[in-house]
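Grab a pencil and have the 3D view open. Here are some exercises, each with a solution to check yourself against.

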Amino acid sequence: MPETTDLSVFLNVGERAAHDVESNLAGIGLTLENCDTVLDFGCGAGRTLRWLIQQFPHVRFYGADVDPQAIAWTKHHLPGAEFGLNSPTPPIGYPDASFDFVYIISVFTHLAFELQKLWLTELHRIIRPEGIVLFTVHGEHTWHWLSPDKLVRLRHDGFLFETSRKLQGILPDWYHTSFMTEYGVQQLLGQSFRLLAYNHAGMGYQDVVIAQRN
Ligand SMILES: C[S@@+](CC[C@H](N)C(=O)[O-])C[C@H]1O[C@@H](n2cnc3c(N)ncnc32)[C@H](O)[C@@H]1O
C-alpha cells in the first residue's frame with residue numbers, strides 16, 4: 001500500500017491487524033485472553049496495540065520501537081500500555097522471561113536475516129519458557145516484486161535483503177525490505193523456537209509465523 005497520512009486508513013489497517021493477530025492465534029487454539037503480559041515489538045504509533053488494549057483490559061501491554069517520535073507520541077496518547085524506546089540492535093531493557101506473547105508486525109520484513117536472528121535470540125530471553133512469538137514475513141505473495149535473478153537467490157539462500165536506492169539516506173541502511181522462504185524461517189527459528197503455524201497471507205499480503213519458545 002502506498003504511504004498515506006489518511007487517519008481512517010491508519011485506524012482501519014490497525015484494527016484489521018489486531019483482528020488478524022487474534023484469528024491467527026485462534027487457528028491453533030490460542031487466545032490473548034490467557035495472556036498476562038504482551039509485547040508489541042516495533043509498535044510504531046501503536047496502530048495495532050490501540051485496539052487490543054481496549055479488547056483485553058486485563059492484559060498488561062507493552063510497546064517497543066526504535067523510533068523516538070513514535071514512542072513519545074504513544075506515551076502521550078495511548079494510555080493502557082507501557083511504551084519504551086530500544087536501540088536498532090539488542091539488548092532491550094526487559095528482564096528475562098517477561099512476556100507470555102510477543103508479536104512483531106511488518107518489522108522483520110525490513111531487517112536483514114542476521115539482524116532478525118539477533119532479535120529473535122533477544123526475544124527468546126524475554127519470552128517465558130513455552131511463551132509464543134508471532135511475526136510476519138514477506139513470503140510467496142510478495143515475490144513477484146523481485147527480478148528473476150533475485151528470486152533465484154532467494155530460493156537458494158532462503159532469505160534476501162533488498163536495499164532500495166530510492167530510499168537511501170531516508171531510511172537507515174539496516175531498514176529496507178527482506179524476503180523469506182519457509183526454509184529461511186526454519187533457519188531463523190533454529191533450536192530456540194518450535195514452529196506452530198505458518199499461515200500464507202495470514203496478514204494481508206504478509207505471511208504469519210507463530211512459534212513457541214523452547
Ligand atoms: C512498517 S512499521 C510497522 C509498525 C507496526 N508494527 C504496525 O504494524 O503498525 C515498522 C516498525 O518497526 C520499527 N522497527 C524497526 N526495527 C526495529 C527494531 N530493531 N526494534 C524496534 N522497532 C523496530 C520501525 O521503527 C517501525 O515503527
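**Exercise 1.** Find which atoms of P88 lie 3.4 Å from a nitrogen atom of the ligand, then look for other backbone contacts of this kind.

*Solution.* Keep in mind that this is a predicted model. Start at P88: a backbone N or O atom there sits 3.4 Å from a ligand nitrogen. Next, try V66, where a polar backbone atom is also 3.4 Å from a nitrogen of the ligand. Finally, go to G42, whose polar backbone atom is 2.7 Å from a ligand nitrogen.

**Exercise 2.** Work out how much of the ligand the protein covers and what kinds of residues make up the shell.

*Solution.* On its own, the ligand has 600 Å² of accessible area, and the protein covers 87% of that. Now count the neighbours: 18 residues surround the ligand, with G42, R47, D65, N86 and I105 the closest. Sort the shell by type and you get ten nonpolar, five polar and three charged residues.

**Exercise 3.** Trace the strand order of the open sheet and name its edge strands.

*Solution.* Walk across the seven strands: β3-β2-β1-β4-β5-β9-β8, with mixed pairing. The ends of that walk, β3 (81–85) and β8 (193–203), are the edges, since each pairs on one side only. From one strand to the next, the twist averages 15°.

Now zoom in on one pair. β5 (residues 127–137) and β9 (residues 206–213) run antiparallel, joined over six bridges. For L134, the bridge partner in β9 is I210.

Last step, the helices. α1 (residues 7–26) packs on the sheet, touching β4, β5, β8 and β9. α3 (residues 68–77) packs on the sheet too, touching β2 and β3, and its direction makes about 160° with that of β3.

Key
Residues numbered from 1 in each chain as written. Predicted model: local features only at pLDDT ≥ 70, side-chain atom pairs only at ≥ 80, totals over all residues. Heavy atoms only, no water. Pairing = 2+ DSSP bridges. Helix = DSSP H or I, 4+ residues; strand = E, 2+ residues; numbered from the N terminus. Axes fitted to C-alpha atoms, helices over the stretch in contact; angles between N-to-C directions. Contact = heavy atoms within 4.5 Å. Near = heavy atom within 4 Å. Polar contact = N/O pair within 3.5 Å; in protein donor to acceptor, adjacent residues only side chain to side chain. Areas by Shrake-Rupley, 256 points an atom, 1.4 Å probe, with all protein chains shown as cover. Nonpolar A, V, L, I, M, F, W, Y, C, P; charged D, E, K, R; others polar.
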